[in-house]
Amino acid sequence: MSDDEGGICPNCGLPQDLCVCETIAQEEARISVSIERRKWGRLTTIVEGFDKNIDLSDLSTKLKAKLACGGAAKHGHIELQGDHRGSIQEVLAKLGFPEEMVQVDWSFQVTGRR
Ligand SMILES: [Zn+2]
């Protein structure tokens, strides 16, 4: 046996060109979207539940660009400045996360009052 070990996926053991880990990670992800109120009443959208195979810093960069907001990937979740619950499903769908895998928590009501 003289297997070329150069292109073997460490997760599934398949050659990289056959590896579907990232695709499976996206299909199995259960993403939840919720809101937190931060300092000075600023709202932050928390997007979590991504599989560890997902590149969160890359994904957060795309989300920030599409939603035109600030944010960051930290500790396995993505934080986005502002309330993006109304558009996050559509944006995630375009990035390969179907709407049905994204659960949005609407229990936090933004009343507009201070
Ligand atoms: Zn793999």
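Among contacts in the protein between residues at least 6 apart in sequence, what percentage join residues at least 24 apart? The figure is 47%. Keep in mind that this is a predicted model.

## The overall layout

Let's start with the parts list: three helices and five strands. Read from the N terminus, the order of elements is α-β-β-α-β-β-α-β. The protein has 114 residues, and 14% of them count as buried.

## How the sheet is put together

The five strands make an open sheet with mixed pairing, and the order across it is S3-S4-S2-S1-S5. S3 and S5 are the edge strands, each pairing on one side only. Going from one strand to the next, the twist averages 20°.

Where does the parallel pairing come in? S1 and S5 (residues 102-104) run parallel and are joined by three bridges. Serine 32 has glutamine 103 of S5 as its bridge partner. On to S2 (residues 43-48), which pairs with S1 in the antiparallel sense over six bridges. There, glutamate 36 stands opposite threonine 44 in S2.

## From S2 across to S3

S2 also pairs with S4, again in the antiparallel sense, this time over four bridges. Glutamate 48 has histidine 77 of S4 as its bridge partner. Histidine 77 turns up again at the S3 pairing, where lysine 74 stands opposite this S4 residue. S3 (residues 71-74) and S4 run antiparallel, with four bridges joining them. Another pair here is alanine 72 and its bridge partner in S4, glutamate 79.

## Turns and a positive phi or three

Two hairpins are worth a look. In the one made by S1 and S2, five residues sit between the strands, and tryptophan 40 takes a positive phi near 60°. The hairpin of S3 and S4 has two residues between the strands, and histidine 75 in its turn has a positive phi of about 45°.

Alanine 68 is another residue with positive phi, near 55°, and it follows helix H2. As for H2 itself (residues 56-67), its 12 residues should span 16 Å at 1.5 Å a residue, and its end C-alpha atoms are 16 Å apart, so the two values agree.

## Faces and core

In a regular strand, side chains alternate between the two faces of the sheet. S3 shows this: Gly71 and Ala73 point to one face and are buried, whereas Ala72 and Lys74 point to the other and are not. S4 has two faces to compare as well, with Ile78 and Leu80 on the covered one and His77, Glu79 and Gln81 on the uncovered one.

Which residues make up the largest nonpolar core? There are 12 in all: Ile31, Val33, Val47, Phe50, Leu63, Ala73, Ile78, Leu80, Ile88, Leu92, Phe97 and Val102. Strand S1 (31-37), strand S4 (77-81) and helix H3 (88-94) each supply at least two residues of this core. Ile78 and Leu80, from the covered face of S4, are both on the core list. Ala73, one of the buried residues of S3, is on that list too. As a rule, nonpolar side chains in soluble globular proteins tend to be buried together.

Definitions and conventions:
Residues are numbered from 1 along each chain as its sequence is written. This is a predicted model: local features need pLDDT of at least 70, side-chain atom pairs count only at pLDDT 80 or more; totals for chains, interfaces and linings use all residues. A residue is buried if 20 or more other C-beta atoms lie within 10 Å of its own, exposed if 12 or fewer, and partly exposed in between; C-beta atoms are placed from the backbone. Two residues are in contact if their C-beta atoms, placed from the backbone, lie within 7 Å. A nonpolar core is a set of buried Ala, Val, Leu, Ile, Met, Phe, Trp, Tyr and Cys residues joined through C-beta atoms within 7 Å. The expected span of a helix is 1.5 Å times one less than its number of residues. Two strands pair if DSSP finds at least two bridges between them. Axes are lines fitted to C-alpha atoms, for helices over the stretch in contact, and angles run from 0 to 180 degrees between N-to-C directions.
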